Amino acid sequence: MSEVNAALKSTSIKIDSDRIAFNIIAYIVLGSFALLCVLPFYIIIVASFTNEQTIMREGYSFFIRNFSTEGYKIILKNPATISRAYLNTICITIIGTAISVFFVSMCGYVLQKRDFPWRRGFMLIFYFTMLFNGGLTPYYILCTRYLGFKNQFYSLILPQAFSVWNMIIAKNFMRTIPEEIPESAKIDGAGEFLIFIRLILPLAIPLLATLGLFTALAYWNDWYNCMLFIDKTNMFTLQYFLQEMLNSIENLRIVAEKSGLIVPVLPSESMKMAMTIVVTGPIILVYPFLQRYFIKGLTIGAVKG
Amino acid sequence: MVSNNRLMNSISSFFRQVIRYRTFLLMIMIPFIYIIVFSYIPMGGLVLAFKDYKYRLGIFGSPWIGLKNFSYFFISGAAGRVVRNTLLYNLAFIVIGMIIEVFFAIILSEIRGKYFKKLTQSMMLLPFFISWVVASSILYSILSYEYGLLNNVLSEPVNVYANPALWPFILVFLRIWKSSGYGCVIYLANITSIDSQVYEAADIDGANIWQKIVYITLQHLRPTMVIMFLLAMGNMFRGDFGMFYQTIKNNGILLPYTDIIDTFVFRALLSSSDVGMSAASGLLQSVLCFLTVVTANFIVTKIDPEYALF
């Protein structure tokens, strides 16, 4: 009997030591990778508050030396350019997300209705666009030459206003809503559109939140459509504005001159980093509040029926 | 006469159905028009690959030139280069990315400290939220030859932006940095769905944690991994334009190692205005994508129809 006990004890010690070894490795590896993920953000924050001459002399570093807000001062001195870009991005994100979420969820709802006889045919037409597409060239020519996309606000909204992928997620979600709910309303004489608005949408709030989050992020981070279709500075989105600033020292000089501040050397490095922070700021600020919905949302479309 | 009647009947019953389902049809009308305009009409524009595009004449007025656009694309060596790069980068992203994602998903699922787990997961997800413009700005602050952090730490400065052979490593690392926090969520959700009794049974049998990971967790994850791998393989020929364009910009020195189909199509269209070659390379990509997606989906359907795309 005591032998058995001893054997059990030794295995449990063995298990414990394995567990401890695993935990040590897990905490160290996970902790350092997580640090690695946020460290670069820390570096650019430090750089944005570092005096330009110090960066020139010693390069970027982990610690703030010779604290300076020169970069921010120049950017914010003449806020017209950057606040305009902010305003553009906010408007586009709000309008685009509202349009996209509404049409995506409505389309997903209709295409899973069992009493809609042509749903398979339509679904096939939608699906096929995920398998084959014309690519950038014909798309670009169509938009610029035939649809008048050059320097229009709608050219920043339309290209992302509908996504077949999101529609499929919506369709899978709508399937989980019991069929009896729209049925009973139909008996009461409500039209299909009214049923969708009044009954289905309130039930689909988790879906709308997820789609909204993903879509808003895509609009907020969009620079591609701005690069393709926009060349007026006052119509730039934030990301594209940043891209232009990073790519040419000339653009930085224009911003610096407009600010009216006289600086001996153009603080291009700290300006670039300050601009990066100003552009990323809102995302970092809302991130802690939204990320749990985000994680939840990642698995929402996984329900397949 | 009879067949004519039947035709009339089926037409009228078709219209009766249209009227009967008019609300549904109206509800999907706008998305339907949208994909016709933005997806199907551009497909027709693929004829540009066989034409000598003249702005004046438009897509349909421009003269046919057969396969000339393709022959130049292939003879110049660009085709081989960009297809190879796209393929190899995607392969590296898929394989290395998956190993890292599964690795962190397992660690996250085994860790007991609730707050540590939440905190690290939040930290890992953060890079996913930023645009490639910002990511490229961050990369520059680290790798820049004159001021970069890396050269501050190294005793011998390296000019990374003039050394193409380093970029495959940098880009794979960057990709993992930006998307593994996001990628591991699906595996984590999958591990959470394992019945805890299986682990308890293993505990009673005296299995240690490594054995449990290898024989239970990994076994359970295997189907998802296979499916994810196949689905990703379906997009083998579609590169991440944002990543390559923003990090490389138009740095000619780096292009031999970093030019992918998507950046090539873009440059041919907008920098060198070679519409024909741009369309030809785009058509090649679309066809390759179509073939790989259909093949991958065929295999997925064989393994588990639940996950099939169509």
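This tour goes from the interface of two chains to a pocket and then to the enclosed cavities of a predicted model.

**The interface of chain A and chain B**

Begin by selecting chain A and chain B together, where 101 residues of chain A are in contact with 98 residues of chain B. The area buried between the two chains is about 9,200 Å², and carbon and sulfur atoms give 78% of that area. On the side of chain A, pick out A:Leu30, A:Leu131 and A:Tyr287, which lose the most area to chain B and together account for 8% of what that side buries.

Turn next to the polar side of the same interface, across which the rule finds 1 salt bridge. To see this salt bridge, select B:Glu110 and A:Arg19, whose closest N and O atoms are 3.3 Å apart. Polar contacts can be displayed as well, and 19 residue pairs across the interface are found in such contact, with both residues at pLDDT 80 or more. Helix H1 of chain A, residues 2-48, is worth colouring at this point, since it supplies 22 residues, the largest share of the side of chain A that touches chain B. By class, that side of chain A divides into 73 nonpolar, 17 polar and 11 charged residues.

**The second largest pocket**

Now move to the second largest pocket, in which about 790 Å³ of space lies. The lining has 26 residues, and those closest to the pocket centre are B:Ser109, B:Lys117, B:Gln121, B:Leu188 and B:Thr192, a convenient selection on which to centre the view. Both chains then come into play, for the elements that give two or more residues to the lining are helix H15 (268-298) of chain A and, from chain B, helix H5 (78-110), helix H6 (114-125), helix H9 (167-192) and helix H10 (196-204). Coloured by class, the lining of this pocket shows 9 nonpolar, 7 polar and 10 charged residues.

**The cavities**

How many cavities of 30 Å³ or more does the rule count? The count comes to 2, and the largest cavity has a volume of about 60 Å³. To frame the largest cavity, select its lining residues in chain B, among them B:Phe244, B:Tyr245, B:Lys249, B:Asp259, B:Phe266 and B:Arg267. Helix H12 (241-248), helix H13 (255-258) and helix H14 (261-271) of chain B are the elements that each give two or more residues to this lining, which by class has 5 nonpolar, 3 polar and 3 charged residues.

For the last stop, go over to chain A and the second largest cavity, where about 30 Å³ of space lies. Select A:Thr89, A:Ile92, A:Leu156, A:Tyr219, A:Asp222 and A:Thr237, the residues by which this second largest cavity is lined. By class, the selection comprises 3 nonpolar residues, 2 polar residues and 1 charged residue.

How values were computed. Residues are numbered from 1 along each chain as its sequence is written. Chains are lettered from A and ligands numbered from 1 in the order in which they are written. This is a predicted model: local features need pLDDT of at least 70, side-chain atom pairs count only at pLDDT 80 or more; totals for chains, interfaces and linings use all residues. Side-chain values use heavy atoms; hydrogens and water are left out. On a 1 Å grid over the protein atoms alone, a cavity is a set of points where a 1.4 Å probe fits but cannot get out, and a pocket is an open set with protein on both sides within 12 Å along at least five of seven lines; lining residues have an atom within 4 Å of a point. Grid points are joined across faces, edges and corners, and a volume is the space filled by probe spheres set on the points. Helices (H or I, at least four residues) and strands (E, at least two) are DSSP runs, numbered from the N terminus. Ala, Val, Leu, Ile, Met, Phe, Trp, Tyr, Cys and Pro count as nonpolar, Asp, Glu, Lys and Arg as charged, and the others, Gly among them, as polar. Contact means heavy atoms within 4.5 Å. Buried area is the accessible area (1.4 Å probe) that two parts lose on being put together, summed over both. A salt bridge is a side-chain nitrogen of Lys or Arg within 4 Å of a carboxyl oxygen of Asp or Glu. A polar contact is a pair of N or O atoms within 3.5 Å; within protein, one must be able to donate a hydrogen and the other to accept it, and residues adjacent in sequence count only if both atoms are side-chain atoms.
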